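Please open the model in a viewer and keep the sequence panel at hand. The tour below proceeds by selection: each stop names what to select and then describes what is there.

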Amino acid sequence: MGAAARRAWSSVVRQDVVESVAALLENNGVEGVVVSGAAGTGKTALARAVERRLGRGTHFLHLYGKRTSDAVPFGQFDFLLARMPAAAASSPGAIVSHLSDLILEDAQGRSIVVVVDDMPAMDNMSTAVLMHLMLSGTASVLVLVRHVADLPEDLAWRLKDHLMRQVHLEEFSRDEVLELLTGTLGQVVSATAVSTLHAASRGNPLVLQALVAEQLRSGNLQLQGNVWALKGRVSVDSAQTLSEVVRARLALESKAVREALEHLAMLRRTPLAVLVELWGPDVVTELESAGYLAIERDGRHWVELADAYLGEVLRGWMNEDRRRDVYQRISSAVGPDPGRLEREDVLSFALWSLDGGVPVEPGIALAAARSAMDLFDPELALKCAQLVSTSEPEWVAAAQLRAKAHIAQSNPALALAALQEATAGQLDALTAAEYGSYMVDLCRVLVRLPGGEARIAEVLGGAEEHMSALALSSDDDEDLGEGADQLRLARFAAMVHAGDFAAARTPLEDAHRTGAAESFRLNCGALLSIVWAMTGQELDAVVLAKEVLAAAREADLRLAMAAEVQQGMYLGLLFSGDWRACTVMLRRVLEEAGSAMDYVGGATELALGVAYTYAGHGSLALGLLMGARAQQEARGSLVDPVLVHSALAFAYAQLDDAAAARRHLDLAESGGTPAEWVVGSMAKFCNLMARRWLQEPGAKQKLIESAREDLAQGRLTAASTSLFGATVHGTDEEFALLESISAQRQGSMARINVLTAIGSRTKDVPTLLEAAETARGLGLDAVESRALVLATDIARERHSSTLARSAQQRLDELTERLPLLPLAPHTHGPELTGRERQIAKMASQGLSNREMAAALDVSVRTVEGHLYQIFTKLGISSRADLEGPVHV
């Protein structure tokens, strides 16, 4: 990051705070400002920005606090003491007076601001000088401090008496990080990169700046097209600038605090009692007071470093011998029985054992890998799972976890390789439930590979033969039943991924309702939510997805179909018309996923961008879709390129950018076929809708053919959606089919489809206006405009002036917001003569009949006659109705 970028860094955000502080310092009624905030929150950067804001007309004097108990009199002003003649130091009062004179001399008549940076303590004499400058009106003071409690008593009282004002700085929010990165880097930044860097820095400006500088230096943050994206994980321990920040911070601390931080960096997370046992209450109190600790206030009072980057940097500094020494001391205090560890403890135990070079038992390694996957950390899961050797009974389970980690890293080929490392003998040694779980994971990998779906039937056929053989040698009915359920689940999942919803629906409903095992029932419910969303039960799908998630949390279950239940929720919300709730759900992921954004970010951006595109908000979709594309190109994230380019084409078409739309259509055509039916269906819809907006011949017919194909397979939601898109210009037969299909669906979007079909077929204006009003309530501007255009045309054809004018006024509002209407009016409003247009304009400006007559040199009666014709043609009854556009 160059010097220009560093200067821009502190000027992009918090301009309102800069203006506020500058105004207070210029206010004669205020003696100064105290800027408080944790280390690294940008206090110094803010002071520099204020200095630039006030400019050369203000003289700034900088004093720096000293974190030491050795108080040297006038220590903060030692650089000025050297300029004083010896005679001036006859008494403390004389020194204060002469220091004040020197400051005034340097100011040369300008106003003075004294900046005191990072002041936990100040000697009494320096405080006296500061107070003299304030009380005499010589200078205003800008104090930068972590905690107000660190202020000298005299300054604290000035603050309490409101003679000074306080401004508290918090860490940057995600939105502020977005503003900062965009302003500094000068291009769009992917939502994934924004969320990842925000989580890694915890919004600390100093840390964020160091991280961004390191990612740019290493090439991890790179420009893909015109979007900044992260190529890999944000590495903190290699960030040289950040290491310097940590080194400077720790240099101010005692040896005990530094060593305690090392121990906590190794432990990562530990009960408060363990930390107290290791270092005693005084050191722990000092750690908490300095803001190093994050402590849970209930249960076992778990403690971890408040700043995750600090732990990574400290671990990176420790060599093997130092790690071993720290481990020995930790183990004397912790020494847990691995067999009694809870799930939340096991990952920490495994990690500090690894850091200390101590072998980890296979069961602990396996549990740690599961916990890492729960935390969306596939790299860590791989590290833990690889600790299990091939000779261990846990080897197959470890292979399954490695496969899941590879899938999270968007590498299904490696996932398949991991599963295929299990030998026939190892598979034969599994219980029926374990074997069934293995087959579920194998099928989930196959559906993500080219040609893999075709292999699933054969794979499951062999698995059922294996299960039959097991049944002959086992009398464990519960285990056999669980194994059989797992194979059923694998077959159900394959059917859902292939879009065979009609075949999957009834057996899934039965399994979800009557399944013996709760895990099996909930996983079937997760798949069923997708089936319902795509077969006309969108609202039921949303309710079901919420129930499944709640039940899984209540039972503390890891759902094998966790991704599917989220997809069911997404599809149900989107296709029911509640796209706003859909975007709220996805934006929450962007804001709260933290380090998981490394792996779910690209897919989340794509899903959010597709939701905006379906809702007709191409301008909101573009940045997200470009971010998803950039993440896919940078690191091959779980993003289908065909859907990305198809959605981009549709978004650009909505924005009337035909060239960009056609460019992405060409890219989509070269992208192959998506492995999952839902993804392929959405890509096809976006592709064809982009072509329809571009008025390509044949696009409408292809949408109708797609709708009929989906209808034949029972996919009512997809069929209705395609048919609605196709029938912007439809026949009565097509409108009747749209009405019939949509009437079998749920949600407001289905209602709009029905109303539009009926209104278009019967030429009923009120019905079309109801469709438009429903669309307006959903924020579906393009859909609303379509209904309004139809209503306007029909009303004009039937000379219903009042209805035509009402529809046109609402359409005018939309025209200002939409770059391109999906349907243009076929008829024009009533034509006014030149003189009528002239009088209408004058009347709308408030001129009386007499004033208009005088201006036009005609009689008042002539004006009245023209107004009568205007009112009749426009279907209005008063001058007030002339406000707004006059349609000619």
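The stops that follow cover two sheets, the helices around them and one aromatic pair. The coordinates are those of a predicted model.

**Stop 1: the sheet of strands 6, 8 and 7**

Begin by selecting strand 6 (188-189), strand 7 (221-224) and strand 8 (residues 227-230). Together they form an open sheet of 3 strands in the order 6-8-7, and the pairing is mixed. Strand 6 and strand 7 are the edge strands; each has a single partner strand, so one side of each is left without a neighbour in the sheet. Now restrict the view to strand 6 and strand 8, which are joined by 2 bridges and run in the parallel sense. A convenient residue to label here is V188, whose bridge partner in strand 8 is V227.

**Stop 2: helix 31 and helix 32**

Keep the sheet displayed and add helix 31 (residues 618-635). Helix 31 packs on the sheet and touches strand 7 and strand 8, its direction making about 45° with that of strand 8.

Next add helix 32 (residues 641-654), which packs against helix 31 at an angle of about 155°, the two axes being 9 Å apart. How are these two helices oriented relative to each other? An angle over 145 degrees counts as roughly antiparallel, and helix 31 and helix 32 are therefore roughly antiparallel. Their crossing is left-handed.

To display the interface, show side chains on both helices. From helix 31, select G618, A621, L622, L625, M626, R629 and Q632; they meet P641, V644, H645, A647, L648, A651, Y652 and Q654 of helix 32. Coloured by class, the contact of helix 31 with helix 32 comprises 10 nonpolar, 4 polar and 1 charged residues.

**Stop 3: helix 9 and helix 10**

Clear the selection and choose helix 9 (residues 191-201) together with helix 10 (residues 205-218). The pair packs at an angle of about 130°, with axes 9 Å apart. Helix 9 and helix 10 are therefore oblique to each other, and their crossing is right-handed. On helix 9 the contact is made by L197, A200 and S201, and on helix 10 by V207, L208, L211, V212 and Q215. Which classes of residue appear in this contact? The contact of helix 9 with helix 10 has 6 nonpolar and 2 polar residues, and no charged ones.

**Stop 4: the sheet of strands 9, 11 and 10**

Move on to strand 9 (269-271) and strand 10 (293-295), and add strand 11 (residues 302-305). This is an open sheet of 3 strands with the order 9-11-10 and antiparallel pairing. Strand 9 and strand 10 are at its edges, each pairing on one side only. Viewed along the sheet, neighbouring strands are turned by 30° against each other on average, direction ignored.

The pairings can be examined one at a time. Strand 9 and strand 11 are joined by 3 bridges; label R269, whose bridge partner in strand 11 is E304, and P271, which stands opposite W302. Strand 10 and strand 11 likewise pair in the antiparallel sense over 3 bridges, and here I295 stands opposite V303. Then select G299 in the hairpin of strand 10 and strand 11: there are 6 residues between the strands, and G299 takes a positive phi near 60°.

**Stop 5: helix 12 and helix 13**

With that sheet still in view, add helix 13 (residues 272-289) and helix 12. The axes of the two helices come within 10 Å and cross at roughly 120°. Helix 12 and helix 13 are therefore oblique to each other, and helix 12 passes helix 13 in a left-handed crossing. For the contact, select A256, V257, E259, A260, L261, H263, L264 and L267 on helix 12, and L275, L278, W279, V283, E286 and L287 on helix 13. The contact of helix 12 with helix 13 divides into 11 nonpolar, 1 polar and 2 charged residues.

**Stop 6: an aromatic pair**

A search of the whole structure finds 6 aromatic pairs. For one of them, select F501 and W677: their ring centres are 5.4 Å apart and their planes stand at 90°, so the pair is edge-to-face. F501 lies in helix 25 (residues 501-514) and W677 in helix 34 (residues 677-693), so the pair ties together parts that are 176 residues apart in sequence.

Notes
Residues numbered from 1 in each chain as written. Predicted model: local features only at pLDDT ≥ 70, side-chain atom pairs only at ≥ 80, totals over all residues. Heavy atoms only, no water. Axes fitted to C-alpha atoms, helices over the stretch in contact; angles between N-to-C directions. Helix = DSSP H or I, 4+ residues; strand = E, 2+ residues; numbered from the N terminus. Parallel < 35°, antiparallel > 145°, perpendicular 65-115°, else oblique. Left-handed = near helix turned anticlockwise from the far one by under 90°. Contact = heavy atoms within 4.5 Å. Nonpolar A, V, L, I, M, F, W, Y, C, P; charged D, E, K, R; others polar. Pairing = 2+ DSSP bridges. Phe/Tyr/Trp six-rings, centres within 6.5 Å; stacked < 30°, edge-to-face > 60°.
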